[in-house]
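This report goes through one protein chain, from its overall make-up down to individual residues. Please keep the sequence and the 3D view open while reading.

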Amino acid sequence: MQSRLRVQGHPIQPMLVTFPFGLFVCAAVFDLADVAGGPAFLGEVGYWTAVAALVAAGLTTVAGLVDLWDVRAGRTSRTVLTFNLVNAVMAGLFLLSCLIRANAPQRGANGALLAAELVALAVGAVGVALGARLMQQFDRATEPTGFETFGDVPPGSTVEIARPRPF
């Protein structure tokens, strides 16, 4: 898989997914603590953590759409499309939870919202697995960079590293 958005040759979108997913996990943990009888402010923290995760998911989606533009038709394109759709479903479930809680006087979660968040995390786990598969496909398709490229140097040849000239 080639991508326009890369960091040291690797596509950034599969890496960026870890930020919203991690924030969604934190939001669910805060909401679980709130539903289990913890202090009321934990529900508020869970709400704002989910909002931050939605912002991160939006930025990740933009990177995903840029990557989707360059993927050729075939197995990889289906995996990329499924990866993006799964992550969109996860974000959509958390968005629904945030919209329900937005106008409440205390933004704490209840059992039904927590259950929806746990389902969203299960869906997100599928997205993480798909992202790992995409990274493996990418690693198989890339050419070596850095010192690995010296593997094709014939025996007896030398590699010279020049020192910078002083000014």
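The sections below cover the overall fold, the cysteines, the largest pocket and a set of single residues.

## Overall make-up

The model is predicted, not experimental. Five helices and two strands make up the secondary structure of the protein. Read from the N terminus, the order of these elements is β-β-α-α-α-α-α.

The protein has 167 residues, and 32% of them count as buried. Contacts between residues at least 6 apart in sequence can be sorted by their separation along the chain: 76% of them join residues at least 24 apart.

## Cysteines

How many disulfides does the structure hold? The number is zero.

Two cysteines can be described by their surroundings. C26 has a relative accessible area of 36%, so it is classed as partly exposed. C98 has a relative accessible area of 5% and is therefore classed as buried. Both cysteines appear again below: C26 is among the residues touched by T49, and C98 is among those in contact with L54.

## The largest pocket

The largest pocket encloses about 230 Å³ of space. Its lining consists of 17 residues, and those nearest the pocket centre are A57, T61, N84, N87 and A88. Helix α3, residues 41-70, and helix α4, residues 75-102, each contribute at least two residues to this lining.

What is the chemical character of the lining of the largest pocket? Nonpolar residues account for 11 of the lining positions and polar residues for six, while no charged residue is present.

## Residues of helix α3

T49 belongs to helix α3. Is T49 buried or exposed? Its relative accessible area is 12%, which is under the 20% limit, so T49 counts as buried. A polar atom of the T49 side chain lies 2.7 Å from the backbone oxygen of V45. Beyond residues up to four places away in sequence, T49 touches L23, C26, A27 and F30.

L54 is also placed in helix α3. Its C-alpha atom is 8.4 Å from that of F24, and the two residues are 30 positions apart along the chain. F24 is also one of the contacts of L54, together with A91, F94, L95 and C98, when neighbours within four places in sequence are set aside.

T60 is another residue found in helix α3. With 7% relative accessibility, T60 is counted as buried. Setting aside residues up to four places away in sequence, T60 touches Q13, L16, V17 and P20.

## F83 in helix α4

F83 sits in helix α4. Its relative accessible area is 1%, and it is therefore classed as buried.

Which residues are in contact with F83, leaving aside neighbours within four places in sequence? They are Q13, P14, V17, G127, L130, G131 and L134. Q13 and V17 are also among the residues that T60 touches. F83 can further be related to A129: the C-alpha atoms of these residues are 8.8 Å apart in space, and the residues are 46 apart in sequence.

## A40 and G111

A40 lies in the loop between α2, residues 18-35, and α3. At 47% relative accessibility, it falls in the partly exposed class. Once neighbours within four places in sequence are left aside, A40 is in contact with D34 and Q106. The C-alpha atom of A40 is separated by 8.8 Å from that of R107, a residue 67 positions away along the chain.

G111 is in helix α5, which covers residues 111-141. Its relative accessibility is 47%, so G111 counts as partly exposed. What is the C-alpha separation of G111 and V35, which are 76 residues apart along the chain? The two atoms are separated by 6.6 Å.

Technical notes: Residues are numbered from 1 along each chain as its sequence is written. This is a predicted model: local features need pLDDT of at least 70, side-chain atom pairs count only at pLDDT 80 or more; totals for chains, interfaces and linings use all residues. Side-chain values use heavy atoms; hydrogens and water are left out. A disulfide is a pair of cysteine sulfur atoms within 2.5 Å. Buried means under 20% relative accessible area, exposed over 50%, partly exposed in between (1.4 Å probe, protein chains only). On a 1 Å grid over the protein atoms alone, a cavity is a set of points where a 1.4 Å probe fits but cannot get out, and a pocket is an open set with protein on both sides within 12 Å along at least five of seven lines; lining residues have an atom within 4 Å of a point. Grid points are joined across faces, edges and corners, and a volume is the space filled by probe spheres set on the points. Helices (H or I, at least four residues) and strands (E, at least two) are DSSP runs, numbered from the N terminus. Ala, Val, Leu, Ile, Met, Phe, Trp, Tyr, Cys and Pro count as nonpolar, Asp, Glu, Lys and Arg as charged, and the others, Gly among them, as polar. A polar contact is a pair of N or O atoms within 3.5 Å; within protein, one must be able to donate a hydrogen and the other to accept it, and residues adjacent in sequence count only if both atoms are side-chain atoms. Contact means heavy atoms within 4.5 Å.
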